[in-house]
Amino acid sequence: MLQPSVLVRDLRKDFGPVPSLDGRMVKVLRGVNFQAAPGEVTTLLGSNGAGKSTTLSCAQGLLKPDGGDVTVLGQQPYRAGSALRSRVGVMLQDGGLPPSARPLALLNLVARMYQHPASVDELADRLGIHAFAHTNIRRLSGGQKQRVAFAAALLGKPEVLFLDEPSAGLDPQSRQIVFDMIQEQRALGTCIVLTTHLMDDAEKLSDRVFIIDRGQTVAEGTVAQLTSWSADASESGELSFEARPGLPVEELTTLSGGVLSEAAPGNYRLSKFASPADMVALSQWLDASQAMPTTMAMRKRTLEDVFLEIAEKSRDE
Ligand SMILES: Nc1ncnc2c1ncn2[C@@H]1O[C@H](COP(=O)(O)OP(=O)(O)OP(=O)(O)O)[C@@H](O)[C@H]1O
C-alpha cells in the first residue's frame, strides 16, 4: 500500500457531561483505527450511531480528539492551519451549507478561495445544479443539497476527500453520477474516505473497508477479504420448506450444521449450511419426509452477512 494520506490510531472521543446519564461522559470513540491511501476509496462502515461521523469530524479537525493520533497529509488536523484545509475537501452529513445562500453563487464564492479551483460550471453541469442554481439552499430537497455539498467538496481539487454518507437522499440517477465522480477522483490519485451504513455503497465503491461498531474498529479488509472472513465458508446455503406437524425437523441441523428457524407455523428456513454435499443430504431428507422445498440455493456471502456476524460477535465479547 502507498504511504497513507490519513492515519488514525486508537482514536478516542468523549462527549458530555450528559444530564440524562447523571452528568457522566459518553465514550463515543473507544479505539478507532484506520488508514487511507492516495488513489483509493476507504470506507468506514457502521450502523447508526457507531461513531463514523465523529471519527470524520476528528480527521477533518472539527473536533479535538481525547486520545490517540490523527494525521492527515502528515499533519494533526485539529492544530493545522488553512494550508492543510486547502488540500482537503469535506462533505458533511447535513450538508453544512448556509441556508440563505444560492447554490451557484455559493459555489463561485467557494471557488474564489482556491488558487486553482475546479470549474464551477462543469461541476454544476455534471451534478444537474443549474436546474436549481438560484433557489435558496433552505428550499432545496435533501438530494439537491447533497449535490451542492458534493460539488463544494470537489472545488479545491483536494488531495484528501472526506465524504460523510455521500449517497444519502440521492435518487438512483444522481447516485450513479456521484459514484462515477468518486471513481474519477480515485483515478486522479485523490485519497477518498467515506462513511456509509449502506452495504451496497460499500461493496460498489470501496478499495478497503473498516467496520466500526460502538466506537471501535472491529474488522478491516477489502470487500473480498471481508466476505471470506471467519471460519465459515464464503458461500452459504438457504433452504425454505413446508413440513407437516410432527416431522423431526430439528434433525436437519445435525445433518447440515445449518441454523433452523420457523418463519410461520409449518414454514421453516434453514440457513448457513456450507456445502453442496449438505444440499444432497437435505434433499434426501425432504424426499423421505415428503416435505416440500420452496427455495433451495447456495449464495455468496455478502458484506451484509459479514457485517451482521461481526457486529453480533463483538457484542458477545
Ligand atoms: N455532541 C455530542 N454530544 C453527545 N453525544 C454525541 C454528540 N455527537 C455525537 N454523539 C453521539 O455519538 C454517537 C456516535 O455518533 P456519530 O454521529 O458519530 O455516529 P454515526 O456512526 O455517524 O451514525 P449515523 O450513521 O447515524 O450518522 C451517537 O450515539 C451520538 O448520539
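This passage walks through the predicted model, from its overall layout to the central sheet, the ligand shell and a few backbone oddities.

Starting with the broad picture, the protein has 317 residues, of which 35% are buried. Its secondary structure comes to eleven helices and 13 strands. The C-alpha trace spans about 75 × 45 × 45 Å along its principal axes. Of the contacts between residues at least 6 apart in sequence, 69% join residues at least 24 apart. The domain assignment splits the protein into domain 1, built from residues 6-87 and 158-227, and domain 2, residues 235-300. Taken over C-alpha atoms, the centres of domain 1 and domain 2 sit 41 Å from each other.

Next comes the sheet. Six strands line up in the order β5-β6-β7-β3-β8-β9 to give an open sheet with mixed pairing. β5 (88-91) and β9 are the edge strands, each pairing on one side only. From one strand to the next, the twist averages 15°. Helix α11 (residues 303-316) packs on this sheet, where it touches β3, β8 and β9. The direction of α11 makes about 40° with that of β8.

Within the sheet, β3 (residues 41-45) has a partner on either hand. Five bridges tie β3 to β7 (residues 191-196), and this pair runs parallel. β3 and β8 also run parallel, joined by four bridges. Threonine 42 shows up in both pairings: its bridge partner in β7 is valine 193, while in β8 it stands opposite arginine 208.

Strand β8 (residues 208-213) deserves a closer look. Five of its six residues are buried, so the strand is largely enclosed by the rest of the structure. Besides its link to β3, β8 pairs antiparallel with β9 (residues 216-221) through five bridges. In that pairing, isoleucine 211 of β8 faces alanine 219 of β9. β8 and β9 make a hairpin, with two residues between the strands. Arginine 214, which lies in the turn, has a positive phi of about 45°.

Turning to the ligand, 13 residues surround it, and the closest are Phe15, Asn48, Lys52, Ser53 and Thr54. The elements that give two or more residues to this shell are β2 (24-36) and α1 (52-59). α1 makes the largest contribution, with three residues. Sorted by class, the shell holds eight polar residues, four nonpolar ones and one charged one.

α1 itself is mostly covered, with eight of its eight residues buried. The buried set runs through Lys52, Ser53, Thr54, Thr55, Leu56, Ser57, Cys58 and Ala59. Lys52, Ser53 and Thr54 are also among the residues closest to the ligand. After α1 comes glycine 61, whose phi is positive, near 80°.

A few backbone details stand apart. As a rule, most residues other than glycine have a negative phi, and most peptide bonds are trans. Strand β1 (residues 6-18) includes proline 17, and the peptide bond from glycine 16 to proline 17 is cis, with omega near 0°. Aspartate 10, also placed in β1, has a positive phi near 50°. With 15 other C-beta atoms within 10 Å, aspartate 10 counts as partly exposed.

Glutamate 165 likewise has a positive phi, near 50°. This residue is found in the loop between β6 (160-164) and α6 (172-187). Its surroundings hold 21 other C-beta atoms within 10 Å, so glutamate 165 is buried.

Finally, there is serine 275, in the loop that runs between β12 (267-273) and α10 (276-289). Serine 275 has 14 other C-beta atoms within 10 Å and is therefore partly exposed. Serine 256 is 19 residues away from serine 275 in sequence, and the two lie 8.6 Å apart in space, C-alpha to C-alpha.

Notes. Residues are numbered from 1 along each chain as its sequence is written. This is a predicted model: local features need pLDDT of at least 70, side-chain atom pairs count only at pLDDT 80 or more; totals for chains, interfaces and linings use all residues. A residue is buried if 20 or more other C-beta atoms lie within 10 Å of its own, exposed if 12 or fewer, and partly exposed in between; C-beta atoms are placed from the backbone. Two strands pair if DSSP finds at least two bridges between them. A residue is near a molecule or strand if its C-beta atom, placed from the backbone, lies within 6 Å of it. Ala, Val, Leu, Ile, Met, Phe, Trp, Tyr, Cys and Pro count as nonpolar, Asp, Glu, Lys and Arg as charged, and the others, Gly among them, as polar. Axes are lines fitted to C-alpha atoms, for helices over the stretch in contact, and angles run from 0 to 180 degrees between N-to-C directions. Two residues are in contact if their C-beta atoms, placed from the backbone, lie within 7 Å. Domain bounds come from an automatic or database domain assignment.
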